[in-house]
Amino acid sequence: MHNITLINGDGIGPEISDSVVKIIEKSGLEIDWDVQTAGSDVIEQEGTPLPQRVLDSIIKNKVALKAPVTTPIGKGFRSVNVQLRKALDLYANLRPCKNLPAIETRFNNVDLVVVRENTEDLYAGVEEQIDENTAHSIKIITRQASERICKFAFDYAVKNNRKEVCAVSKANIMKLSDGLFLESYRKIAQNYPQIKQREILVDNLCMQLVQDPTRFDVLVLPNLYGDIVSDLTAGLIGGLGVAQGANIGKDCAVFEPVHGSAPDIKGQNKANPTALLLSAIEMLKYINENNYAQKIENALFKTLSEGYKTADIGGTLSTTEFTDKIISNL
Ligand code: ATP
């Protein structure tokens, strides 16, 4: 029996969480879910969208599955996602991006991994209003965080039989900050002679990704470029409904889809649970439940191959109908 924190989120969060919890339960794997609410729904009672109890639960269980949580705009709250990543030092954001069966996209053999630094860069939240007409946001890049994320990317490449780790920057313009990121990459790369090295400017990367994404393997990027590029790569495999992610630190890991809470389709039984389900499958591998991970992945792929899909990827099924099809294929 595993103890895992479940943040069921808001917007479409509860619908896709219900789907994924049900699929895992029907697979036969026993998980004791420690359900923790967060986001706009808890602010009134608890005064914050991210109460300490949520962090305590993840620290205790070490692993969490997280559905999207909305941060209210303009009410003075910092993003729940950014806060969570900082508080637990979840420094690596891992976004594998691979074609799924029967989801037609422009390219058929996309198989790349985005490794995004998760703790600094323009997300450090250091902003200053200089005068009425000028505002500054400070981009913070440190050697420690850059070396740590590059090491993570190379270790991931070794462990997952990847051939190349490509560093992405704009070091020709931001010579000091992105220059430091690149310098850190080069230093770490020396310890991995078996993995191919490559460097690319982020603008060139974007052009090449939409021309031919098969040119890339593992990408390692500072926070902001990672955010933008991983939405681009999500688009390459069928969009946000199928894009999985994980935030990994030294002590804990939080698995979550790339997409947000999709308030436009909330409560309509339309949401695609695939991105959260793929994130959960990665989570099962992380806790060494590889057989269950494989069993659930097979059921999902079989369901998609049979042509059963939700509307966002060209199908007609509701969230619950799609869930039931996956369960019948377990
Ligand atoms: P955030 O800023 O929190 O990332 P956002 O508004 O940029 O949120 P999403 O909430 O991810 O973006 O939604 C973007 C679009 O994608 C919306 O039209 C939404 O309905 C759609 N979408 C996102 N996730 C899903 C899903 N799981 N199933 C179906 N459609 C989805």
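This is a tour of a predicted model, moving from the sheet to the helices and to two buried residues.

**The sheet**

Start by selecting the strands. Ten of them, in the order β2-β1-β3-β12-β11-β4-β5-β10-β8-β9, form an open sheet with mixed pairing. At the edges are β2 (31-36) and β9 (196-201), each of which pairs on one side only. From one strand to the next, the twist averages 25°.

Now select residues 2-7 and 63-66, which are strands β1 and β3. This pair runs in the parallel sense, with 3 bridges. Show the side chain of leucine 6 and find leucine 65 in β3 standing opposite.

**Helices across the sheet**

Add helix α4, residues 80-87. Helix α4 lies across β3, β4 (92-98), β5 (111-117), β11 and β12 (253-255), and the angle between α4 and β3 is about 170°.

Next add α8, residues 223-236. The strands that α8 lies across are β4, β5, β8 (164-169) and β10 (218-221), and α8 runs at about 155° to β5.

**α5 and α6**

Select residues 143-159 for α5 and residues 177-189 for α6. Their axes come within 8 Å and cross at roughly 45°, which makes α5 oblique to α6. The crossing is right-handed. To see the contact, show Arg143, Ser146, Glu147, Ile149, Cys150, Lys151 and Phe154 on α5, then Leu180, Phe181, Glu183, Ser184, Tyr185, Lys187, Ile188 and Ala189 on α6. Sorted by class, these residues are 8 nonpolar, 2 polar and 5 charged.

Stay on α6 and centre on phenylalanine 181. Is this residue buried or exposed? Its relative accessibility is 1%, so phenylalanine 181 counts as buried. Apart from neighbours within four places in sequence, its contacts are Ile141, Ser146, Ile149, Cys150, Val168, Val220, Leu221 and Pro222. For a distance check, pick the C-alpha atoms of phenylalanine 181 and aspartate 231: the two residues are 50 apart along the chain, and the atoms are separated by 22 Å.

**Glutamine 244**

Move to the loop between α8 and β11 (246-248), where glutamine 244 is placed. The relative accessible area of glutamine 244 is 12%; the cut-off for buried is under 20%, so this residue is buried. What does glutamine 244 touch, not counting residues up to four places away in sequence? Show Leu94, Arg95, Pro96, Glu256, Pro257, Val258, Ala275, Leu278, Ser279 and Glu282.

**α9, α10 and α11**

Select α9 (residues 274-286) and α10 (residues 290-305). The two axes come within 7 Å and cross at roughly 155°, and the helices are therefore roughly antiparallel. This crossing is left-handed. On the α9 side, the contact is made by Thr274, Leu277, Leu278, Ile281, Leu284 and Lys285. On the α10 side are Asn290, Tyr292, Ala293, Ile296, Glu297, Leu300 and Phe301. By class, the contact has 9 nonpolar, 2 polar and 2 charged residues.

Finish with α11, residues 319-328. The axes of α10 and α11 come within 8 Å and cross at roughly 120°, in a right-handed crossing. Here Ala299, Leu300, Thr303 and Leu304 of α10 meet Phe322, Lys325 and Ile326 of α11. That contact divides into 5 nonpolar, 1 polar and 1 charged.

Methods
Residues numbered from 1 in each chain as written. Predicted model: local features only at pLDDT ≥ 70, side-chain atom pairs only at ≥ 80, totals over all residues. Heavy atoms only, no water. Axes fitted to C-alpha atoms, helices over the stretch in contact; angles between N-to-C directions. Helix = DSSP H or I, 4+ residues; strand = E, 2+ residues; numbered from the N terminus. Parallel < 35°, antiparallel > 145°, perpendicular 65-115°, else oblique. Left-handed = near helix turned anticlockwise from the far one by under 90°. Contact = heavy atoms within 4.5 Å. Nonpolar A, V, L, I, M, F, W, Y, C, P; charged D, E, K, R; others polar. Buried < 20%, exposed > 50% of the residue type's maximum accessible area, 1.4 Å probe, protein only. Pairing = 2+ DSSP bridges.
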